[in-house]
Each structure stands twice: as C-alpha cells, then as structure tokens.
2 protein chains.
Amino acid sequence: MRARDLVEDYPLVRLSDDALDAARLIADQRRPAVVVVDEEGRPVTVLPASQVLSFSVPGYVQEDPSLSRVYDEKGGADVCIRNLSRRSVEEVLPPAERRYELPVAPGNATVMECAATMARLRTPLVVVTEDDGAIRGVVTASHLLQVILDASGSQA
Amino acid sequence: MRARDLVEDYPLVRLSDDALDAARLIADQRRPAVVVVDEEGRPVTVLPASQVLSFSVPGYVQEDPSLSRVYDEKGGADVCIRNLSRRSVEEVLPPAERRYELPVAPGNATVMECAATMARLRTPLVVVTEDDGAIRGVVTASHLLQVILDASGSQA
C-alpha cells in the first residue's frame with residue numbers, strides 16, 4: 001500500500017484567499033487546520049485554527065484573558081471578525097520562522113516512509129503530491145496507525 | 001455562551017493505560033491526538049498520533065526513511081507494533097520538557113477567554129474542567145471559530 005492509496009481530501013486555501021473565508025472553511029469542516037498552497041497550487045504550509053484565533057483575538061486579551069469580559073458576546077465576536085476582515089491568508093500566517101514545516105511525500109511513498117516523516121517532523125499529516133507537483137490529498141497519522149495495526153493483525 | 005455549553009467528547013487515556021490501546025483509540029476515532037489523564041482523572045498532557053508513530057518507527061528509519069524499504073508491509077508493521085507492546089502511555093510520552101502544555105479552562109470561561117488561551121498556547125483545543133477537577137470535555141478551535149462567525153453574523 002502506498003501513500004496515494006491512503007489519501008483523504010483536505011481543505012486547501014491559497015495564499016491570496018480571504019482570511020475570513022479560510023476561517024469559515026475551518027469552522028464548517030471542523031478541522032484543526034487547512035493546507036495553504038501558492039498560486040500554482042504547490043503546498044506552502046498549514047494555517048492552524050489556533051493561528052486564526054491568534055490573529056483575531058486582540059493582543060491585550062491574549063495576555064490577560066479576563067479582559068475579554070469587557071465585551072458582550074456579539075461585541076467580542078465583532079472585534080475578532082474585524083481583525084480578520086480584508087486580509088489575505090498570507091497576511092494572517094505566522095512569521096516565516098514560526099511557520100509549520102509542511103511535510104510532503106510522493107505518491108509512491110510506503111506506509112513506513114510516511115510514518116517516519118510524520119514522526120520526525122511531529123506533524124499529524126503529510127501532503128501527497130505527484131511528480132508534476134499536483135496535490136493528491138493528505139495522509140493522516142491516525143490513518144497510518146490504522147493501517148499498521150491492521151497489517152500487523154495485532155491482538156490486545 | 002460558556003465553555004461548558006461548547007464541549008465535545010474527546011478520547012481520554014490514563015498514564016497507566018496500554019500504549020497499544022491508545023494507538024487503537026487514535027486509529028479507530030481518527031483523531032490527531034488523545035488527552036492523557038492521571039489516575040485521579042486530572043488532565044496531564046496530550047499524546048499526539050505523531051508521537052505514537054515516533055515511538056513505534058525505528059530510529060534509523062526516522063533518520064533515513066528510505067531504509068523502511070528493507071521491510072515488507074507486514075514486517076514493517078510488526079516492528080512498529082513490537083515497539084509499542086507492553087508499554088504504558090506514560091512510557092511513550094515525549095520527555096517532560098517536550099510535552100505539550102494542555103490548556104484547561106473552567107466551565108464558565110467565555111468564548112473569547114477560551115480563544116485567547118488557544119491563541120497564546122497555539123493549541124487546537126482546551127480541556128474544560130469543573131470545580132472538582134472533573135473533565136467535562138474539550139472545546140476545539142474550529143468550533144470556537146464557528147461560534148464567533150455565527151455571533152458576529154459576518155457576511156462574505
């Protein structure tokens with residue numbers, strides 16, 4: 001079994017996409033992150049849901065969460081949404097040195113190669129690309145564990 | 001709306017649980033991680049799926065993933081499972097200095113307080129506990145984004 005046999009769809013956003021649309025995608029699909037691609041569709045990094053929150057929650061509230069009590073629910077939400085409005089995905093990404101390294105595996109990578117890459121980079125997924133750089137989908141760490149457990153036929 | 005109104009069930013394992021059972025739980029529920037609790041049920045840290053892979057994939061394969069090709073599929077899986085067998089969750093956790101800080105919020109935390117905590121610690125979830133320390137469940141970053149988007153009634 002190879003990486004290309006294990007891929008799942010995963011939400012993608014472009015660097016130039018609207019940050020608020022990326023937030024909606026994360027919310028609608030209840031994902032911990034979305035994969036960010038450049039204008040040619042090549043994988044760049046991931047945008048974690050926590051980074052979207054980090055960009056939207058005012059700095060003084062992040063330093064002292066009890067200050068959030070100055071807002072009512074709608075007021076607080078409006079402030080958060082305003083901080084995301086009219087910004088691109090690229091603008092809300094962490095600075096380059098703090099971005100997540102996005103592991104990429106070729107379509108013919110073995111299960112153990114994918115597992116080794118996730119283990120080394122401590123990521124819950126790898127993006128699977130074909131020779132032309134096109135993204136096939138992602139393989140998740142939990143899916144790999146399933147494949148390993150099934151292949152070994154391990155008993156409790 | 002408060003943290004306790006937003007909680008979801010999330011898989012929990014104890015420090016003394018079998019690591020292989022934790023791997024199965026992650027695989028069955030297709031989760032990126034499980035929450036680890038001590039013997040009294042108090043939250044300790046999270047065990048990410050990538051850490052389980054990190055413990056199970058031999059070190060030399062992590063350094064050079066192409067070495068995984070010495071194994072066939074079942075052989076590779078057997079090696080991985082053997083590395084997890086007869087170990088507790090505590091034994092497969094990262095060393096203390098590399099463990100994830102597990103954010104905890106009280107049941108009456110506001111949406112923005114939860115968001116501020118996730119933003120500061122860059123985590124995709126907070127564990128919600130009541131006054132007696134019992135875990136109510138977790139609130140995820142993507143769910144918070146949904147609540148914020150809905151409360152603001154933002155338009156594209």
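This report looks at how chain A and chain B fit together in a predicted model.

Let's start with the symmetry. Any two copies of a chain are related by a rotation about an axis and a shift along it. Here, turning chain A by 180° with 0.0 Å of shift along the axis lays it on chain B, with an RMSD of 0.0 Å. The two copies are therefore related as by a two-fold rotation axis. Within chain A, A:Pro32 has the C-alpha nearest that axis, at 4.5 Å.

Now for the contact itself. Chain A puts in 56 residues and chain B puts in 56 residues. Of the interface residues of chain A, 100% are also interface residues in chain B, so the copies meet through the same surface. On the chain A side, H7(A) gives the most, with ten residues. Other helices that each supply at least two residues there include H1 (19-29), H2 (49-56) and H6 (111-121) of chain A.

What kinds of residues are involved? The table sorts two groups by type.

| Group | Nonpolar | Polar | Charged |
|---|---|---|---|
| Side of chain A that touches chain B | 31 residues | 14 residues | eleven residues |
| Contact of H4(A) with H7(B) | five residues | one residue | three residues |

That second row deserves a closer look. The axes of H4(A) and H7(B) come within 8 Å and cross at roughly 105°. Angles from 65 to 115 degrees count as roughly perpendicular, so that is how H4(A) lies to H7(B). From H4(A), the contact uses A:Glu73, A:Lys74, A:Ala77, A:Asp78, A:Cys80 and A:Ile81, while H7(B) brings B:Ile148, B:Ala151 and B:Ser152.

Key: Residues numbered from 1 in each chain as written. Chains lettered and ligands numbered in written order. Predicted model: local features only at pLDDT ≥ 70, side-chain atom pairs only at ≥ 80, totals over all residues. Least-squares fit on C-alpha atoms with pLDDT ≥ 70 in both. Contact = placed C-beta atoms within 7 Å. Helix = DSSP H or I, 4+ residues; strand = E, 2+ residues; numbered from the N terminus. Nonpolar A, V, L, I, M, F, W, Y, C, P; charged D, E, K, R; others polar. Axes fitted to C-alpha atoms, helices over the stretch in contact; angles between N-to-C directions. Parallel < 35°, antiparallel > 145°, perpendicular 65-115°, else oblique.
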